[in-house]
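This report introduces a structure to a reader who is meeting it for the first time. Please look over the sequence and the model before reading on.

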Amino acid sequence: MSITQREFGKTKDGRTVTLYTITNSIGNSVSIMDYGATIQSIRIKDAAGDFIDCCLGYNTVEEYENNPDYLGACIGRVGNRIGGSSFTLNGKTYTLAANDGANHLHGGTKGFDKQIFKFRSDYDDTATFGYLSPDMDEGYPGEFAAVVSYIFDDNDNLVLNYYGWSNKDTIVSMTNHTYFNLSGEGSGSILDHTLELYASAITEVDSALIPTGHLMNVEGTPFDFRSAKPIGQDIHADNEQIRFGGGYDHNFCIDGEGMRPCCILMSPKTRIKMYVSTDMPGVQIYTGNYLTEAPGKSGNIYHANSGIAIETQFYPDALSHPEFPSPILKADKEYRSTTVYQFSVDE
């Protein structure tokens, strides 16, 4: 195991961005930037022995600064949407940036994805990044110390551990916005990938993709991935929820509690499989329906459905629905969550 680093470039205001690469004994590797604690590449050896870069990304800092799709970024303080760009906590209403129509998305106009994190490494397989978010940052109360560590081991487990502490009551739902394509970034659509999801319900949404509060059973709908099926099988079905998202852009309610399996993604071309487990209650499945038509690392254009984001999270707009799992972090209490992406190859 080893961690290497190199300068990736400079931001518009002259700050240096560093790329850190964890390489395991097999030669597989994960690269993470301190800008947005962003996963820039995941290189996995496929069944033919070729290294496949399994995540969408860019080659320059400038492209990441202009990253409207949040490719690879750490998202915070709160991932996903907050309806009406406000929430009420302890009887006080907090107003957030409206950066998704009338709603708040992925932490605001300058969320964690736009910050340079401080790097620390205590072990050869671990890269840890920290950011101190000031009180009222993007409208959120409390000074919040955010930490995310990336562990990549010899069993090809990519472990994301999130930690945080606030000096005031606040809300937190950190996640990661990597778009996966297990056939290789820039190789085309992920609609042929098979997906199995351990989820019996989704949070139904309105036309702005804000949860209505109703948990919709997936049985008999295009959202039933309880048995593995190609992502593209039902993505164009005549279904109101599909129309609202332009495909899949929905929070799936993961069955069970605690650390447990979430889903399995597989490419039929490379035979690379990714097993996801988490202790979070939900996972946003976004099939890149509106990806910006821009060239990625390989120079190929990222079209719609070029990658799939698998964002473990609290349910969106949770404070509007008291019956949803709560994202409230009490002052001086520890925020903690874990998500594991395990890669393997079917021979």
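## Aromatic rings

Tyr 315 and Phe 324 are both buried, a word that here stands for under 20% relative accessible area with a 1.4 Å probe and protein chains only. The model is predicted, so local features need pLDDT of at least 70 and side-chain atom pairs count only at pLDDT 80 or more, whereas totals for chains, interfaces and linings use all residues. Residues are numbered from 1 along each chain as its sequence is written, and side-chain values use heavy atoms, without hydrogens and water.

The structure holds 19 aromatic pairs (rings of Phe, Tyr and Trp, the last by its six-membered ring, with centres within 6.5 Å; planes under 30 degrees apart are stacked, over 60 edge-to-face and the rest tilted). The ring centres of Tyr 315 and Phe 324 lie 5.2 Å apart with their planes at 80°, so this pair is edge-to-face. Ring pairs also join Tyr 20, Phe 119, Phe 129 and Tyr 150 into a cluster.

## Nonpolar cores

The largest nonpolar core (buried Ala, Val, Leu, Ile, Met, Phe, Trp, Tyr and Cys residues joined through side-chain atoms within 4.5 Å) has 60 residues, and Ile 42, Ile 310 and Phe 343 have the most contacts inside it. Strand β13, residues 144–152, gives the most to this core, with 5 residues; a strand is a DSSP run of E with at least two residues, numbered from the N terminus. Apart from this core lies another of 15 residues, including Leu 19, Met 33, Tyr 35 and Leu 71.

Terms used. Buried means under 20% relative accessible area, exposed over 50%, partly exposed in between (1.4 Å probe, protein chains only). Helices (H or I, at least four residues) and strands (E, at least two) are DSSP runs, numbered from the N terminus.
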